[in-house]
Amino acid sequence: MEKSDSILYSQAALDFVKVSTAYCRFLEQLSPNARGREEFCRTMCSLLPWLYAKAVEMPEVPETGGWNSPFVTEGDYNDVLNRVAGVLGEWDDFLDVFVDDFKYSDTPVHCTISENLADTYQTLRELVETYRQGYEESMEVALRETLEDFPTGWGRKLLGALRAIHDGKSADTSFEEEPSTANNKTLPRRC
């Protein structure tokens with residue numbers, strides 16, 4: 001099969017890998033000292049919908065046998081998780097009803113933006129690294145696995161994080177000054 005005929009080199013696949021690379025690079029270079037929460041949230045509100053759209057635009061990848069060795073280590077995962085948590089601080093936590101654990105609970109489930117973004121990072125970084133190596137069979141397996149995990153895995157995590165960031169930004173813009181107080185409690189400000 002010619003490269004031009006392969007889904008691996010289609011414009012949709014290349015765009016998806018390109019935005020996945022931008023997402024991974026941003027998280028890997030994130031520094032609590034270099035970027036503030038506001039810039040982080042603004043960037044995520046741009047990258048996450050773009051990433052979601054590129055995943056949705058992908059055609060179905062044919063079934064392929066094989067498997068790939070993982071590239072992302074536990075240390076890599078924890079590094080990204082801690083970078084994001086460090087930037088967000090107390091605004092990292094959110095409650096979610098759109099998670100599988102909610103079916104066992106009558107209250108929203110505690111989640112963190114950092115974990116959702118790190119889970120998404122892990123999946124996408126595996127794809128990016130596989131593409132970087134350039135072995136077509138591995139690339140096809142990685143692309144298929146990434147897209148298979150999208151509907152119930154990293155796609156949900158991405159949306160959960162985006163929803164929490166959006167809610168935080170929306171709540172934050174409603175305050176022109178410092179957080180107001182009610183019943184002697186400070187209302188949390190997000191992003």
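A nonpolar core, as I use the term here, is a set of buried Ala, Val, Leu, Ile, Met, Phe, Trp, Tyr and Cys residues joined through side-chain atoms within 4.5 Å. I keep in mind throughout that I am reading a predicted model.

**Entry 1: the core**

I looked up the largest nonpolar core and found that it holds 47 residues, of which Phe16, Tyr23, Leu27, Phe40, Met44, Leu117 and Leu143 touch the most other members. I then asked which helices supply it, and noted that α1, α2, α3, α4, α5 and α6 (154–173) each give at least two residues. Helix α1 gives the most to this core, with 8 residues.

I followed Leu117 further and, leaving aside its neighbours within four places in sequence, I found it in contact with Tyr23, Leu27, Phe40, Met44, Leu48, Val84 and Ala161.

**Entry 2: the chain as a whole**

I stepped back to the order of the elements and counted 6 helices and 4 strands, which run α-α-α-β-β-α-α-α-β-β from the N terminus on. The chain has 191 residues, and 41% of them count as buried. For the surface I noted an exposed area of about 10800 Å², with carbon and sulfur atoms supplying 48% of it.

I also checked how far apart in sequence the contacting residues lie: among contacts in the chain with a separation of 6 or more, 73% are between residues 24 or more positions apart.

**Entry 3: salt bridges**

How many salt bridges does the chain have? I recorded a count of 10 salt bridges, and I looked at three of them in detail.

The side chains of Glu28 and Arg125 meet in a salt bridge, with 3.1 Å from N to O. This pair links distant parts of the chain, since Glu28 is in helix α1 (residues 11–28) and Arg125 in helix α4 (residues 113–133), 97 residues apart. I wrote down that Glu28 is partly exposed at 26% relative accessibility, whereas Arg125 is buried, with a relative accessible area of 14%. The two residues also belong to a network of salt bridges in which Glu28, Arg125, Glu129 and Arg132 are linked.

Next I turned to Glu63 and Arg144, which form a salt bridge with their closest N and O atoms 2.7 Å apart. Glu63 lies in the loop between α2 and α3 (74–88) and Arg144 in helix α5 (residues 136–149), so this pair ties together parts that are 81 residues apart in sequence. Is Glu63 buried or exposed? I found that Glu63 counts as exposed, at 63% relative accessibility, while its partner Arg144 counts as buried at 14%.

**Entry 4: Lys54**

I ended with Lys54, whose side chain meets that of Glu57 in a salt bridge, at 3.4 Å from N to O. Lys54 and Glu57 both lie in helix α2 (residues 37–57), 3 residues apart, which is about one turn of the helix. Glu57 is partly exposed at 47% relative accessibility.

Why does Lys54 count as buried? Its relative accessibility is 14%, and buried means under 20% relative accessible area, so Lys54 falls on the buried side of that cut-off. Not counting residues up to four places away in sequence, I found that Lys54 touches Asp15, Phe16 and Val19. One of these, Phe16, is already in my first entry among the core residues that touch the most other members.

Methods:
Residues numbered from 1 in each chain as written. Predicted model: local features only at pLDDT ≥ 70, side-chain atom pairs only at ≥ 80, totals over all residues. Heavy atoms only, no water. Salt bridge = Lys/Arg side-chain N within 4 Å of Asp/Glu carboxyl O. Buried < 20%, exposed > 50% of the residue type's maximum accessible area, 1.4 Å probe, protein only. Contact = heavy atoms within 4.5 Å. Areas by Shrake-Rupley, 256 points an atom, 1.4 Å probe, with all protein chains shown as cover.
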